[in-house]
Structures are given as structure tokens and as C-alpha cells.
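Me: I am new to this structure and would like a close look at one part of it. Please begin with a single residue and then go on to a single strand.

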Amino acid sequence: MSSRTPTWRDIPISNLGSTKMTVLNKTGDWRTFKPVVDVDTCIQCGTCVTFCPEGIITMGDMGAEIDYYFCKGCGVCANECPVKAIEMVKEE
Amino acid sequence: MPSQSNRDGKRGIIGGNNMSKRMLLDGNHAAAWSARLAKAQVIPIYPITPQTECCTQLSEFVEHGEMPWASYVTPESEHAVMGIACGASAGGARVFTSSAAQGVVFMEENIWIAAGNRLPIVMCIVNRAIANPGSLRPDCNDSLLQRDAGWIQLYCEDAQDALDTGIQMFKICEDERVYLPGIFAFEGYVVGHCAIPVELPDPEEVDDFLPPYKHKFISLDPELRKYTTTTTPRRGEFGTERVYQMQVAMENAKKVIKEVNEDYAKRFGRKYGNGLIEKYRCEDADALLITMGSITGTARKIVDDLREEGEPIGLVKLRSFRPFPTEDLREAVKGVKAVGFVDRNRSPGSSGGGIGRIETANALYSLTEKPLLLGFFVGLVGRDVMPGDVRFIAEKVLKAAETGKAEKDTYWVQLKGEEI
Amino acid sequence: MTEVRLPGHALCPGCGGAIAERIIYNTINETIGKDKVIHYGGGVCASGGMRNAELSSFGLHLSGQATGSTGISHALKVRNRTDIKVIEFGGDGGTCDIGFAKISGAAERNENILHFTMDNEAYMNTGIQKSSQTPWGAWTTTTPIGRHDNFKKDMVMIMAYHFIPYVASASIAYPADLKNKVKKALDMEGFRYIHVFAPCPTGWRHDSAKTVEIARLAVQSGMFNLVEVDNGNVKISVKPKERLPVAEYLGYQRRFRHLTEEQTKTIQKYSDNSWERLLSLDGTLIRPHTN
């Protein structure tokens, strides 16, 4: 992708073209608190995976894994965890 | 399957599968036939006087199986009509619809969206005066209102014109240099309900003239969608550029309308001037009338009468309002002393006269030698335009050409009472 | 689970709609595949994640609910591409207010669309203004002393009385129920309507961590009932064993903190009566011409 600003000749004439660009903003910058998983307590039930609004929790071999690049720190995962394995910790 | 659609038998209009080359059709039925011959695929349409006949004729064509490629939709309002038209066009179908006055104003939001999304929808506007003051009868404000939205606008003189222009409009809008939606307009009742013998082109020849619709730049088909991701926040501020692209498309449309006009004339034998304007008896004219729509027909007769009397007057039919044929008009007024624009529309508080006069004044402004430009309000809110009115206009323009002075800029031709 | 909707979008932290979108998109992907869907979206909160979804999507404008998608479905029909399904997301504002006539029209014509309403009970994207789905007593910027003109109109029953093949209400707190309803609806033809309860931390003024818990409390206290009208057959999806008092649900949300005891009693009555009415409809047939 060239670094010059696109001109009217470059941009597509309509939004409805065949290329769809999704923007992955670094929403991890939004948070004040971050969820920390205690893998010993985690029973890998998958509740946090289901309810994360961003969809950035995956179930690893040891327990839930969170993608902190995108995590907005909402706290739903910590609230819903049935065994309270996730704690919301203030960011440094 | 023979059609049951002979309900207009009392007017002697034959619909249905009768593929005879000439039929007695009024503007509404001609518009419906143009959609049928152009093989419009999705037809969302809502009835409003004076367009109702077009709406119902199309439903008969589709429901009786005479348009097996098409889907007829009965939305609950005109706003829904244009929303559905946008969706269908984006989804890859050729779309036709029609409306008038209040309906057009109701769908205004989606009219802009259609043009901005570059969807080649064709709409037939059966001109009717917008309330208030409104009427079931015609004036041209409903279609002229769209002048800033980015739709192509061609005006039709009679039912034959409506049929031909309707078919041509699909070809113009779907040209890859254009991709703008298009309006072809004619006055309700005067053209919409006035039946004349209309020659219908052969359907197979129309298929050859107008290939199936496939938008070069738009597709919603999931298997064609390419997804890319970026971490650079997209500002999306390409509004000015998009509008400029529409301007470029309008300039291209001037060429395309002329090309389509020529091509159509070669294939089907009917030509409409150069596509943008038609000049009638303009050779060494000192005075010119510019008309749009059905008034042109009356004006032709008046020009003939005056020419007989030795008066140097000619007529320009403005077929295309958008794109406005600036270059063609500048060329047509060379050597002319006075021009009168016959405006069947209103714009209270305007800079001087009706919408047509305003656009023409702007088009001619930068000429170092330009004629006097008079504006004439006639036929407003559906008042019938009689030959006497057009004669009055022509005489005023001739007088201005003779004396080199215009009495005034604008005339309210049929006003009851004195102008201030 | 493959995520259809990628992260990095602009929805608020803890957004109920974001959770609903994920569940719905992923279910669709698992069932028919995201390449068999065209998604129409309008109303920015409702389809806020749509831009980040790897789905063929398209939007006109807020008031274009059910019209853009109707158009697409007709275009697909004439192009013989009925293998592609059309889904649509709308907010409570777009569906129940400005687009109400369009939704009603599409429903009475039985257009082949699956519509999801993301109900966050106000016009959230323009800054929390009251909609027809704002509950009685709730604060919004256009009902600063609480909404007192009327109660939330019952969209599920309104749509059910259009006699469409499938109407349901669903909640993010009951994801399996939502998944089943999506699967059932995807398998049908005609106009299908699913009303999804999606709490909004920003507009309801609650802790973003409580989004799912509040959705659960809403069902358990009768402030939002889960029901299905499948081909006209009414069936309550979730019957709480013990109905919780509404005060517990209202207590978490600062949009209700100005309520007096009288007003809370009114809301309790609303919940009790709505539940009684629903119980009386449970098991009956609404659609007159089929079973």
C-alpha cells in the first residue's frame, strides 16, 4: 500500500464494493482495570469465552487466555466466572 | 399466456402479450412498457395519482407471467420504495420505479442515498405539483427538486418519447463511466394520460441494445467479498472526493447520453436532437424559446405559425436538465438576441425566475456576448398551458429581440390580476 | 470458536449488543457459514460491530430498516441465488420507532428476512434519548425526570399479530436459548423477528461488569420475558422458579435511582401483570391459518 494520500481517482466510487476493510483499533488502551486469570482456580468451563463482548478470550491448555491488545477492561468475565478465577487488577 | 389486462378497453389501449409493433399508449403505459422491454428485474412501486396506471400495468405484466424475470414489490410507502430499490440494485438487480409529487418528496432521503452509493436505479417521475399549493395536475418541481442529489434527469414530450427515453435511461445509467441513478419525467395527465400511437421496438433488438445489468464496482455477493484488516484508524473522510467523482460521472453522462441517442436512432429510427437538446427551426433565429416536456409540442406549432408570419424565432427543447447542457446551450444561442425560458415550476424568492431560467442564466453568464434572458412562469400548479399562452411568450421574446431591451426579467403569464 | 466479528471496534466496554452480536454471528457461521449470508445493518449501536465483522454487509440509513434487506432479498430471488440468506440488525429505535412502518410492511408482506432487534431501551448512539422501548420510570436525556407517559410497547406480540412464521424474544444472559432461536429461525422462510435484550452500561448507568447479570435479573424479575411464537404457537422459553422482586433489578441501574417507592410499586405491578398475561397466552395459537 503506497504511503501517499489517495486521490479521487484511487478511492472506490461506492462503499458497496467487493473489498471490506475492518479496522482493528488498539482498544486495550481504553482500560483502567485489567482481568487476570488464576489458572489454578480456572475450571475451563468457557463461560468467560461466551460472554466476553470483544470475543478476545480463548481457552488454552492451562486456563482462559486474554488478548490484552484489545481487552477494554469491562469486567464481565470476572463477574460471570462461576469460580471467581478472574480478578480485575488496576493497571500500572 | 394471453393477458387479462384489457381493462382499459374503453380507451382502446391494448396491453398484455400483444406484441404488435404499434399500440395506442399513454405516458404511464409507455413507461411501464419501457421497464418491461428493458427487462427491469425488481420493481418496488407505490401508487400515487397520476402515476397509478404505470404502477398497476406493471403489476399485471409481472403477475400474469409476462415478465418472468421480474419481482414486483408492494411496499407500504414511497420511502420504503426507494429503500428497497437501493437494496435491490446493490444486490445485483436492475431496478425500476415510479412516483410523483408527494411520493417523490417522501422518498427524498433515499434518493440521495441511491445517488451517493452510485446505484443505477431508473425512476419515472410523472410530474405533479407538490403541495402546497398542490394539485393532481402537473408542474415540474417534483423532479427538478432532485437537481442537487446527483440523478440524471431527462424530460419527455409525449408517450413515444417516454418509451424511448425510459429504455435509453437504463443504458445511460448502467454505463461504467456513469453509474448514477436516472429520472425520466413527463407531466401527469397531459402526457401521462394522453394516448397516442406508440411504436414499440422489438424485444430481442432491445436485448441487443441493452445487455444484462452487472455493476462493475459493486457486489454484495459473499463469495466475492475480500476482507482486509488494518490497524490504522480509518478516518473515512473522502466525502469531497466522492462528490467530485459524481461530478465527473455527470460530465461523462453528457457524452454517454449523446452516444446512446445515436445508437438508439440507428437501431430503432427515432432520434431526440443530440440527446441533450433538440433544436427546432433555429437557423438565423433572433429569438429562441427554451421549453421542457409537453409544452415543447405546443411551442413547435407556435414557432411554425410565427415563422409563417416571417418572424425569426426558433425553439430549443431542453431534454436533459441534469447534466445541464451548458456547452450545447452556449452554442445554440450564438447570434441570438433574446431567449425566453418557459418554466413550469416555482421557486419563490429565487434570484430571478424559475429553476430553468436560473440554470440557463448561470450557463450563459461567462459568455462575453450573450442574449437577453427572459423567464416565463406558466402552467404552475397544474394550470393548463394553452397555445395562446405560448404565443404570448413568443411575442414577448420577439419584441425583446427586436428592441434590444427586455421589459422585465420574468413574466407570470397566467396570473389572474396584475403583477406588482 | 472462530470469531466472525473481529475485536478493535468502537462499542463501549461491556456492551450488551456486542455480546449479542458475537453469539448471533458465531451461531450463523457454525450453522450455514458466513459466506452464505448478506447482512443489512442500520442504527450504529445495533450494528456497531458490523463494520468489524467478516460478513458481507451493507447499510442505508437508520430509517431504512427492512427496506434495504427486502431489496437485497428480491434481487437474490431474481438472480436465483436463494442459497444466500439475508439477515438484518436494527436497534430498538430503528426498528420500533423510525422504522416501525417499514418493519410492519415487510412483516405483512412476509419478506424473506431474519431481523434482529438489539434492544438497549433508548436511542443510545445519539446520546441516550428515549425510545418507545424505554421502560416506564427510566431516566434518559429526553426524559430527565423519568419516563411517565407510557410503558414499553410489546414488540413481540405486535409482530406475532402480523402472523409471521417466527417471533421470539431472547437475552444475552441465556446464550444457549438465543443460539437455539437463531438456528430455528435460520431454517425457516419468511419474515422472522428476534428481539434481543441487550443492556447498555453507558445508558443505563450500571457497572460494565454487570451487563450479563442485569440481563439475567431482568428475566428473573419479569422485566423482560423470553417467549417464542413459532408458527403462531406461543411458548414461554424461561419460567423462573422464583420471581425476583423488580427492586433488585432496578437497584443496579442509576437510570432508576430517582424512583420513589410508589413508582417502584407501579413497575412491580407492570411486571406482575405482564407475566400473568403472558401465562394466559402460553400454549395458545395466534396465527389463524396454519399449524
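In which loop of chain B is the place of B:P133? And how is strand β4 of chain C set among its neighbours in the sheet?

Reply: This is a predicted model, in which local features need pLDDT (the predictor's confidence in each residue, from 0 to 100) of at least 70, side-chain atom pairs count only at pLDDT 80 or more, and totals for chains, interfaces and linings use all residues. Residues are numbered from 1 along each chain as its sequence is written, while chains are lettered from A and ligands numbered from 1 in the order in which they are written.

B:P133 sits in the loop between β5 (122–127) and α6 (141–144) of chain B. Such elements are DSSP runs numbered from the N terminus: helices are H or I with at least four residues, strands E with at least two. The peptide bond between B:N132 and B:P133 is cis, with omega about -10°. Another cis bond joins B:T49 and B:P50, at an omega of about 5°; B:P50 belongs to the loop between β2 (42–44) and α2 (52–63) of chain B. Chain B has a mean pLDDT of 93, with 94% of its residues at 70 or more.

Now to β4 of chain C. The open sheet that holds this strand has 8 strands in the order β2-β1-β3-β4-β6-β5-β7-β8 (chain C), and its pairing is mixed. Two strands pair if DSSP finds at least two bridges between them. At the edges are β2 (56–58) and β8 (233–236) of chain C, each paired on one side only. On average, neighbouring strands here are turned by 20° against each other, direction ignored; axes are lines fitted to C-alpha atoms, for helices over the stretch in contact, and angles run from 0 to 180 degrees between N-to-C directions.

Strand β4 (residues 114–119) of chain C is joined by 5 bridges to β3 (residues 85–91) of chain C, and the two run parallel. Within this pairing, C:F89 has C:F116 as its bridge partner, and C:E88 has C:H115. Between β4(C) and β6(C) there are 6 bridges, again with the strands running parallel. One of the pairs is C:F116 with C:I194 in β6(C).

A residue is buried if 20 or more other C-beta atoms, placed from the backbone, lie within 10 Å of its own, exposed if 12 or fewer, and partly exposed in between. In β4(C), 6 of the 6 residues are buried, so the strand is largely enclosed by the rest of the structure. C:L114, C:F116 and C:M118 point to one side, and C:H115, C:T117 and C:D119 to the other.

Helix α6 (residues 175–186) of chain C lies across β4 as well as β3, β5 (166–171), β6 (192–197) and β7 (227–230) of chain C, and runs at about 160° to β5(C). Further along the sheet, the loop between β7 and β8 of chain C holds C:N231. Phi of C:N231 is near 50°, a positive value in a residue other than glycine. With 16 C-beta neighbours inside 10 Å, C:N231 is partly exposed.

Chain C also touches chain B, through a contact that takes 29 residues from chain C and 30 from chain B. Residues are in contact if their C-beta atoms, placed from the backbone, lie within 7 Å. The elements of chain C that give two or more residues to its side are β1 (37–41), β2, α2 (67–78) and α4 (100–108).

Definitions and conventions:
Contact = placed C-beta atoms within 7 Å.
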